Amino acid sequence: MSFDPTWLKEPPPIVEDTEDLLRAFILEPKIPIHEPKPYFEPRHPSFDQLYDIPHAPISTRIVPDRCPETGKVLDFIETQVQNAGSTAKNSMSLQREPTESIDSARGSASYFPFWPGGFDEPESVLAGLVPSPLFETDLKSCPPGFATGVEFEAPPTGTDGARATEDSGKSGMVDLLSAIASEEAFVELLPEGLQTKLSTNDQSTQGTQQEPLPAGIDEEEGLLAVTGEQEAGEQVLKISTVTNNALQSAEWAEMLDISKPVDDFYVKIPTMAHRFPFELDIFQKQAILKLEEHSHVFVAAHTSAGKTVVAEYAIALSKKHMTKTIYTSPIKALSNQKYRDFKTTFQDVGLITGDIQIDPTASCLIMTTEILRSMLYCGSDITRDLEYVIFDEVHYITDSDRGHVWEEVLILLPDHVCIVMLSATVPNTIEFANWVGKTKKKRVWVVSTAKRPVPLEHYLYTGFGGKSKDDSFLIVNAQSQFVQDGYRRAKESYEAKQAKSTGRRTNGPYSQRQEQTLWVGLIDHLQKKEKLPVVAFTLSRNRCDNNAEALMSCDLTTAREKYAITSFFQQCLQRLVPADRVLPQVQQIQSCLERGIGIHHSGILPILKEIVEMLFARGLVKILFATETFAMGVNMPARTVIFDSTRKFDGQAFRPLQPSEYTQMAGRAGRRGLDKTGTVIILCKQNLPLDGELKTMILGKPVRLESQFRLTYAMMLYLLRVELVSVENMMLHSFREFDKRLQMPQSKLELNQVQEKMSALSKLSDHLQPLCEFYEAASEYLNLRNELLPKQLCQPKAINELKVGRVVVVTDEHHYNKLGILLSVSVQSHKELKLVVLVLDHCASGKTQPASPETLNRGPLWHQMLSLALPYQTFLPEGVGGHAVLTLAPVNLIELTKHTIKCDANGIIRSWEYRLIPRFRDAPPSQSTIEAVAALAELNATVVQAGSVAGTLELVRFPRDLTNLELTQQLQVAQGRLNRWLPYTGMADFEHEFAVVYDRKQLERKLDELKYQASYESLSLYPDYCRKLQVLQELKYIDDMQQVAMKGRVACEMGQNELMITELVMRNILTDLQPAEIAALLSSLVFQAKSDVTPKLTETLQKAEAQFREVENDIRLVERQYGVTDVCKKEELNFGLTEVVYEWARNKPFAEIMLLTDIKEGIIVRCIQQLNETLCNVKDAARIIGDPVLHSKMEEASNAIKRDIVFAASLYTSSTPIVIGEV
């Protein structure tokens, strides 16, 4: 083949592969006539493409200018496009370009969130960050990493501004910009009278500043006098005081009065967005009126009071306005139930959960709060059309694990979104609403009602079958009054039952036979009283199952009801594969339901829980044994609620139910429109609850809404991507820092005042500089001594030395380094001592001498510093017999000597207390007092002559304690520094000279403290933020400039365990594993239950588990290194379900994997569902880092576990709902 020189200029043609052509022809057939496809595409290299610059965004557009009357186009004008070039990856504006439809619902971790409502506008934030284009103001003088920089001076301002003002004034025009640039020109704009007055004030101010202060008054006092005169005078201009009154309002929440009827409701809203088939309550009408005004609403009411009406009207209102509403619920199961209810009412309803999306473009979306948080951080385009966000069960903000999610969402919601909060009754509704209002800078209207639509009656049940099966006693009536007589009779009945059962085991849990006797008798009692259906809250999954088994002999349904139950159950089972229809739990639940008995807890399979809920709602389940989670469900009331126990295990210990927990569960009693009263029964098994405990639980106030805000790595990484919304600002807007935000305006005002004082003070003279050093050294020394001394005195050896009569050296107020006799020592607590000491004092000669100006009381620190100075090392009393008895703290004890003076301590104290009474002020001291004072004066004369206590008396030296060794060494260093500056305290007129230094230093300290209070550093979580920043930097998630690195971008994709999963992905630990092995190992991140069965793992899984442990240890090591200790327990690895998930991913039936563990079926299903969300997150991370192998394996693993009963479709979300037959 000959060489063709044309190939040097043009590359040879590339013919497409035949196999690719055939595959494309079969899968994507295209008709060549309409779209001819060339066989090759020649390449034409062009070096100009290397210099290709993307087009700039269009900043203007042409729009028609129409006549306002006729609409005729008069002209075309060019207008500026707002936010030109803004996209989801560079802007937080709502006017940015929409994203692709594939990401519009959930958003993307690479997108910016929209600007949170209530935050300062982005323009004002940028104005504070970006210097002026003219480089005249806000110039930084020191670059990052440099110790010093360049000071830029402002350009000299000449008289051009004034001249320009003059010229413009002659022509009738005023150039305000030029006038403001020059203060003199600005004065000239004023009327002549104001100009004269202002110039007079300036001259008088200058004269005041130049005039020296009179003797005896320090500069700070003089400054206060001048400030007072200026404030008293007439203010010429008050530009700085012109503010927006709405923003200065202290209250952002207001309680609506629900006692007054809303007579003009239908006048104000003639055409309602949604009509209800019943007359609305007053609180519902008032809430709806505020929704029509597009106001934030907080509704706090009891269970079944009708809060859902407010939510339904908000949904209808947004549908009328053609906008969107998001309804958030605390748990996924409740989301499914609400989807079914709202779908029936409004039709256009969607559902978004971790694993499914149903109609994400609907006008009403149901989701959990975690999903909404993810959408807000990821900049979902749904937020643009969002009008209402409804938070159901908002009191879950107090939950320690998930409460912070509610706060983050409330902070992140944009300005245009109206917030509707539904909650149980809480005592601090106004406080919480005030926080929401202040955060959003919009008033929140609170609608709170303590009225129950169906009153409750509470009983104690002491029966135990047989003749005692009707022993129930009313303890709280329908008027919420505690019936003491009922409790007394219940106590008598319980004691009689205990007396009869003497010789049998009465303490400890009931046996199965005893439970059966109790429940059979109780149900018979309830049937006679017509109190069915019943919800029996049993705060243990195992006890729920055991109680249901104990009622095997009970049959509470008729033949028609049995047929309806069986028919509905079998239709629901058709959604399962045949092998799953015969699972033991399925057969157990079916057998119970046919007899009218239901079980509902987290260990039950989700589809079975939904069957139980639907049958209970239809009244076919007569008694339902449920755990606390059932109380969170939708409106499923019963006639009676039973408490199997009033104590629950909270993960650490057993405790009584809190009032809020009891009220939430008891609120299920009483069906509105069917029952006059609801019945709540408390079983008395092992013991009878105390009356005080019952009063607190039934009638006590619920728990206050408290902030559980905490910093997570994901939140920090999300916000570090966005410069304008900082993590510090997020912390400041949290409910935890609400009090701090309320105090910040006052702190800033005080800061400005102190700064003005500091600027008015003149520079200290050179001869006072040594006293400044003395102040700093003394301050450090006193802080260390005051911290160490109480610890030393609380040691047993030191307490033994503190005996009555011991001579000590003390300092307290104007008593400096005085000898004293210890009269008594009392230990108030483990670390607090109280010392009573007799000291010498000047003889008062009948009258108390007034303090001189130099000895004005400036606080304890002032006196402690003076006591360190040379002039006050010893004390020489004036006159004879002067003394005082002082009550001192350990910090007032300077030295403890080994010298002892015998005295009557009690007699001296009694004599002193006697003379403190005004009538006996002039009474002579007791003989024991005179003798003790004389002995002390004699010893004091020796000390004064020697010049110090150490040179005269032997001192007690405290033994070195290893726990305080570092503090002792620091104190020695501080003592050495103090000794270097002590000679300067011997100067003439020391106290007056030091007063000037002290006042200035105290002012500087106050200035620093106010700056600290006004800064982010004073936030309670700021130290934790700094520590976690160091962890992220150490692990390379962010760089030194706090820019998010690749690992940080990967971590943003994770819902939880961000660091752990990211490290596994970045270290390539998952890539070499099989899909089933990956799924099994990642289950350790989501499984939290306890198991007594040790899983049997393959060799590969064991090696991978060791690698997982190593990664976890590496992360925890870095966290401990930087002091991060608030690691959640649910983030710890738990490999208890590894074998189960491994076999499930290998296509084993559900019945077989249940033989491998003791974990309940429902918990396994929930774990695998959460695991699927984690697998999807890792798949997205693999896409970001460009790992196609890991991406495909994650997809395979996800598909392997998404099958059969684990991912059976919810009955609530089915497009073809199953109808329960008529009874």
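**Exercise 1.** Which residues make the nonpolar surface patch of about 390 Å²? Place Ile 26 in the secondary structure and classify its exposure.

*Solution.* The model is predicted.
- Step 1. Look for Phe 25, Ile 26 and Leu 27; these residues make the patch.
- Step 2. Ile 26 sits in helix 1, which covers residues 18-27.
- Step 3. The cut-off for exposed is over 50% relative accessible area. Ile 26 has 65% relative accessibility, so it counts as exposed.

**Exercise 2.** Describe the setting of Lys 440: is it buried or exposed? Which residues does it touch?

*Solution.*
- Step 1. Find Lys 440 in helix 14, residues 429-440.
- Step 2. Lys 440 is buried.
- Step 3. Check for a charge partner. The nearest side chain of opposite charge is Asp 415, 6.4 Å away. A salt bridge requires the atoms to be within 4 Å. Lys 440 has no salt bridge.
- Step 4. Check the backbone. A polar atom of the Lys 440 side chain lies 3.2 Å from the backbone oxygen of Gly 117.
- Step 5. List the contacts, leaving out residues up to four places away in sequence. Lys 440 touches Gly 117, Gly 118, His 296, Leu 410, Ile 411, Leu 412, Leu 413, Asp 415 and Ile 419.

**Exercise 3.** Summarise the whole protein: how many helices and strands are there, and what share of residues counts as buried?

*Solution.*
- Step 1. Count 41 helices and 25 strands.
- Step 2. Of 1223 residues, 46% count as buried.
- Step 3. Turn to the surface. The accessible area is about 63,800 Å², and carbon and sulfur atoms hold 53% of that.
- Step 4. Take the contacts with a separation of 6 or more. Residues 24 or more positions apart account for 73% of them.

Definitions and conventions
Residues are numbered from 1 along each chain as its sequence is written. This is a predicted model: local features need pLDDT of at least 70, side-chain atom pairs count only at pLDDT 80 or more; totals for chains, interfaces and linings use all residues. Side-chain values use heavy atoms; hydrogens and water are left out. Helices (H or I, at least four residues) and strands (E, at least two) are DSSP runs, numbered from the N terminus. Buried means under 20% relative accessible area, exposed over 50%, partly exposed in between (1.4 Å probe, protein chains only). Lys and Arg count as positive and Asp and Glu as negative; His and the chain ends are not counted. A polar contact is a pair of N or O atoms within 3.5 Å; within protein, one must be able to donate a hydrogen and the other to accept it, and residues adjacent in sequence count only if both atoms are side-chain atoms. Contact means heavy atoms within 4.5 Å. Patches are made of residues with over 30% relative accessible area and no salt bridge: like charges are joined within 9 Å, nonpolar side chains (Val, Leu, Ile, Met, Phe, Trp, Tyr) within 5 Å. Accessible areas come from the Shrake-Rupley method with a 1.4 Å probe; for residues, only the protein chains shown count as cover.
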